[in-house]
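Open the model in your viewer and keep the selection panel at hand. The stops below go from whole chains to single residues.

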Amino acid sequence: MNKPLLSSLLALLVCPAFVPAQSKSPDLSGYWELRFDSRNVPAASLMAPTTAGERAAQVKHDADAIRWCHFFGMPYMMAWSPLEIVQNINGKEIAITSPVRTPARHIYTDGRAHVSPDTFDPTSTGNSIGHWEGDTLMVDTIGFSDEGILAIPGGGWRTATSHLMERYRLLQGGQRLSVVFTWEDPKMYAQPHIYEFRYYRAPPGTEAREFDCNASDAERAKFLTSDPGK
Amino acid sequence: MNQQFRNTSVKRSAGIALLTLALGASGRLLLAQSSPAQVPDLSGFWERRDDVGGGNFGGILEKIVPKASLTPEVIQANQETAARQAQGEVVAFGSKWCLSNLYPFFMQHSAAWDLFQTKNEIMQAAEVHTFPRHIYLDGRKHPPPAMLVRSVNGHSIGHWEGEALVVDTIGFVGGGGTPGGGRVGVNTHLTERFKLLDGGKKLSVASTWEDPAIYMKPHTYELQYYKSDPGTYAFEETCHADDPKQSGSVVAPGQKY
């Protein structure tokens, strides 16, 4: 066998083009469900006691988002089922979709940094970048707007200065998915607010849902804005 | 054995062993990649551009999409809509109330959309006010009519025919429109072919809409998209029905709440 051929075969063995982009990382793709025992959410340690007026304003803000069908955004969208994770075959991006009225999350895993705040228009889902540390997907999100439902499980709400870190890791042979959320916000939390959701893998054949929202529905509007039972 | 022949033979055996190893190894890698590695990678942001001199995105469509051949009932409905617009209904009901954009609206919009691809599914995420579109590639069929849940993007299943992704969609909620003046009804059937062009720099999507209640013959057209620059990121197009500017129609809202 001549040397060029041998060299070519050896190159074939190590050529990155033949290495699947996802071969080194777990595949989180699929549909995931939250069940009654999926949440471990302690009470948040808030920076300062919020006033009744602030709490009422935040509750009204979130109620208006539902009444008027705004984009709900993070972290509300993560609390619905089925959640879908779509992990691109080229390893450069991961999406998360939710059945509620919200844009998909785009998690860029191509090595880019966060978009400069000078040019980024804040969104309800923020700007997310991710990387793998072993079998754990680390996601870092900033750039939140005040669009949508702001409440954070355990207390507090997201603001323009919120910083969310998430760790995604498969458990039990890929049948469960642990997502550990850590919120930091100098305006909101005295210490990082950490909670965990453990999703169940949905059965094969599960399909996406669309919980659509119709702001023009008068009966719906009346229900949402009237005293209960009226 | 001749020493020269023996050396040659040893080298040949080593070469065959290496060849076997290489093929075996690459075979495992290919198997590990499963089918997605053997089909084109359509993933990424795609955007429309004006390369026909249309002047704007609506103008582009008028230049490249043939007029749909519509049934008399649909023609009459379109004329009634045009009359309402002539009388001042300048904001469509769906726009006024921020209703979800119905497929194929985002495919003809100026905003880029992001395509995600796995072995079992393709998902399209648009910036406009709509839900993600899910195209199942795992061999499932459309649900039977009694089980079909209608949605703004319909129920889509796809398969690969060579380098083309063929997508079949039913189950629309109805009420949307297509380029070329067509409409989308609850019984409309859409067939699409996604195919990369120019070494992956462009994506062709050929669409065929069929519905005897709407079209006199299948309505077929092709739109082409350019791969967005690396580093492209998603925007979020919000819509607030409670914002007076959003509902700036001269037609008063007929709602109490």
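The tour starts with the ground rules, then visits chain A, chain B and the cores.

**Ground rules**

This is a predicted model: local features need pLDDT of at least 70, side-chain atom pairs count only at pLDDT 80 or more, and totals for chains, interfaces and linings use all residues. Residues are numbered from 1 along each chain as its sequence is written, while chains are lettered from A and ligands numbered from 1 in the order in which they are written.

**Stop 1: chain A, overall**

Select chain A. Its C-alpha atoms fill a box of roughly 85 × 40 × 35 Å along the principal axes. Colour by secondary structure and you should find 3 helices and 10 strands. Helices (H or I, at least four residues) and strands (E, at least two) are DSSP runs, numbered from the N terminus. Read from the N terminus, the order is α-β-β-α-β-β-β-β-β-β-β-β-α.

Of the 230 residues in chain A, 33% count as buried. Buried means that 20 or more other C-beta atoms lie within 10 Å of the residue's own; exposed means 12 or fewer, and partly exposed is in between, with C-beta atoms placed from the backbone. Now take contacts, where the C-beta atoms of two residues, placed from the backbone, lie within 7 Å. In chain A, among contacts between residues at least 6 apart in sequence, 59% join residues at least 24 apart.

**Stop 2: strand β5 of chain A**

Select residues 105-108 of chain A, which form β5(A). Which residues cover its two faces? R105(A) and I107(A) lie on one side, H106(A) and Y108(A) on the other, and all are buried.

Next, add the neighbours. Strands pair if DSSP finds at least two bridges between them. β4(A), residues 93-97, runs antiparallel to β5(A), with 4 bridges. Show I94(A): its bridge partner in β5(A) is I107(A). On to β6(A), residues 127-133, which runs parallel to β5(A) and is joined to it by 2 bridges. Here I107(A) partners S128(A), and Y108(A) partners I129(A).

**Stop 3: the β6-β7 hairpin of chain A**

Extend the selection to β7(A), residues 136-142. It runs antiparallel to β6(A), and 7 bridges join the two. One partner pair is W132(A) with L137(A). The two strands form a hairpin with 2 residues between them. In the turn, G134(A) has a positive phi of about 65°.

**Stop 4: chain B and its barrel**

Switch to chain B. Count 5 helices and 11 strands. Of its 257 residues, 31% count as buried. Among its contacts between residues at least 6 apart in sequence, 55% join residues at least 24 apart.

Now pick out the barrel. In chain B, 9 strands close in the order β1-β2-β3-β4-β5-β6-β9-β10-β11, with mixed pairing. The twist from one strand to the next averages 30°. For that angle, axes are lines fitted to C-alpha atoms, for helices over the stretch in contact, and angles run from 0 to 180 degrees between N-to-C directions.

Zoom in on β3(B), residues 121-126, and β4(B), residues 133-136. They run antiparallel and share 4 bridges. E121(B) has Y136(B) as its bridge partner.

**Stop 5: helices of chain B**

Select residues 72-86 of chain B, helix α3(B). Its 15 residues reach 21 Å from first C-alpha to last, close to the 21 Å expected at 1.5 Å a residue. That expected span is 1.5 Å times one less than the number of residues. How many of its residues are buried? The count is 1 of 15, and the helix is hardly covered. After α3(B) comes G88(B), whose phi is positive, near 120°.

Move to F57(B), in helix α2(B), residues 57-64. Why does F57(B) count as partly exposed? Because 14 other C-beta atoms lie within 10 Å. Not counting residues up to four places away in sequence, F57(B) touches R48(B) and S110(B). Draw a distance from F57(B) to G177(B): their C-alpha atoms are 15 Å apart, and 120 residues separate them along the chain.

**Stop 6: the nonpolar cores**

Show both chains. A nonpolar core is a set of buried Ala, Val, Leu, Ile, Met, Phe, Trp, Tyr and Cys residues joined through C-beta atoms within 7 Å. The largest has 65 residues; F72(A), A95(A), W46(B), W113(B), F116(B) and A125(B) touch the most other members. Apart from it lies another core of 8 residues, among them W97(B), L99(B), C239(B) and A241(B).
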